[in-house]
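The following paragraphs walk through one protein chain, beginning with a pair of charged side chains and moving on to the strands around them. Please keep the sequence and the model in view while reading.

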Amino acid sequence: TKPLLEGNVTAKATDKAENPNTSEASEPIKVTDTTAPTKPLPEGNITAKATDKAETPNTSETSEPMKSTDTTPPAKPVIQTDLTGKGGTTEPITIQAEPGSKVELFDKDGNKIGEGIADDQGNAVITPTKPLSEGNVTAKATDKAENPNTSE
């Protein structure tokens with residue numbers, strides 16, 4: 001019901017007797033985290049420090065700042081909602097895109113029919129501004145870089 005923390009996990013079983021019986025805990029299984037954090041793409045001034053491995057470590061002064069820019073467009077958004085039979089409706093559509101990006105929805109003729117912001121999980125829920133016409137619906141995502149990047 002919640003994310004596993006690193007460390008040992010055990011299990012117990014309880015039967016359905018009138019007076020339930022519970023087993024001893026299982027042998028522990030170690031949980032490890034092998035998922036790397038997402039790649040940082042911070043814009044702005046980046047600095048660095050160096051620390052040696054002396055018994056009492058020594059740390060350098062901070063480097064001169066260097067400006068970092070984001071030139072990577074968001075990945076192509078994915079429309080999660082099944083649009084079969086949705087022609088003529090304005091039911092909300094869920095789109096998966098880069099978290100924090102502006103997501104725009106377009107009809108078959110390329111007319112913008114809605115927009116929203118992807119939440120921390122990358123979900124944007126957009127209610128079309130006019131009933132969907134038959135044909136392909138597309139979406140694109142634009143990040144919040146100093147010079148914004150737009151997906152396919």
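In this predicted model, aspartate 107 and lysine 130 form a salt bridge, with their closest N and O atoms 3.7 Å apart. Aspartate 107 sits in the loop between S7 and S8, while lysine 130 sits in the loop between S9 and S10, so the salt bridge ties together parts of the chain that are 23 residues apart in sequence. How exposed are the two partners? Aspartate 107 has a relative accessibility of 7% and therefore counts as buried. Lysine 130, at 38%, counts as partly exposed. Elsewhere, Glu104, Lys112 and Glu115 are joined into one network by salt bridges that share partners.

One link of that network can be described in detail. Lysine 112 and glutamate 104 form a salt bridge in which the closest N and O atoms are 3.3 Å apart. Glutamate 104 counts as buried because its relative accessibility is 10%, under the cut-off of 20%. Lysine 112 reaches 41% and so counts as partly exposed.

The strands come next. Strand S7 covers residues 102-106 and pairs with S8 in the antiparallel sense, over five bridges. Within this pairing, leucine 105 stands opposite glycine 114 in S8. The two strands belong to an open sheet of three strands, in the order S8-S7-S10, with antiparallel pairing. Which strands stand at the edges of this sheet? They are S8 (112-117) and S10 (138-142); each has a single partner strand, so one side of each is left without a neighbour in the sheet. On average, neighbouring strands of this sheet are turned by 20° against each other, direction ignored.

There is also an open sheet of three strands with the order S5-S6-S9, again with antiparallel pairing. Here the edge positions are taken by S5 (78-79) and S9 (123-126), and because each has a single partner strand, one side of each lacks a neighbour in the sheet. Strand S6, residues 93-96, pairs with S9 in the antiparallel sense over four bridges. One residue pair can be picked out: isoleucine 93 has isoleucine 126 in S9 as its bridge partner.

How many salt bridges does the structure hold? The count is seven. One of them joins the side chains of lysine 76 and glutamate 152, at 3.7 Å from N to O. This pair links distant parts of the chain, 76 residues apart: lysine 76 is in the loop between strand S4 (66-68) and S5, and glutamate 152 is in the segment after S10. Lysine 76 counts as exposed because its relative accessibility is 54%, and glutamate 152, at 69%, also counts as exposed. Both values lie over the 50% cut-off.

A last stop is serine 68, which lies in strand S4. Is this residue buried or exposed? Its relative accessibility is 18%, so serine 68 counts as buried. With neighbours within four places in sequence left aside, serine 68 is in contact with Pro42, Glu43, Gly44 and Ile46.

Definitions and conventions
Residues numbered from 1 in each chain as written. Predicted model: local features only at pLDDT ≥ 70, side-chain atom pairs only at ≥ 80, totals over all residues. Heavy atoms only, no water. Pairing = 2+ DSSP bridges. Axes fitted to C-alpha atoms, helices over the stretch in contact; angles between N-to-C directions. Salt bridge = Lys/Arg side-chain N within 4 Å of Asp/Glu carboxyl O. Buried < 20%, exposed > 50% of the residue type's maximum accessible area, 1.4 Å probe, protein only. Contact = heavy atoms within 4.5 Å.
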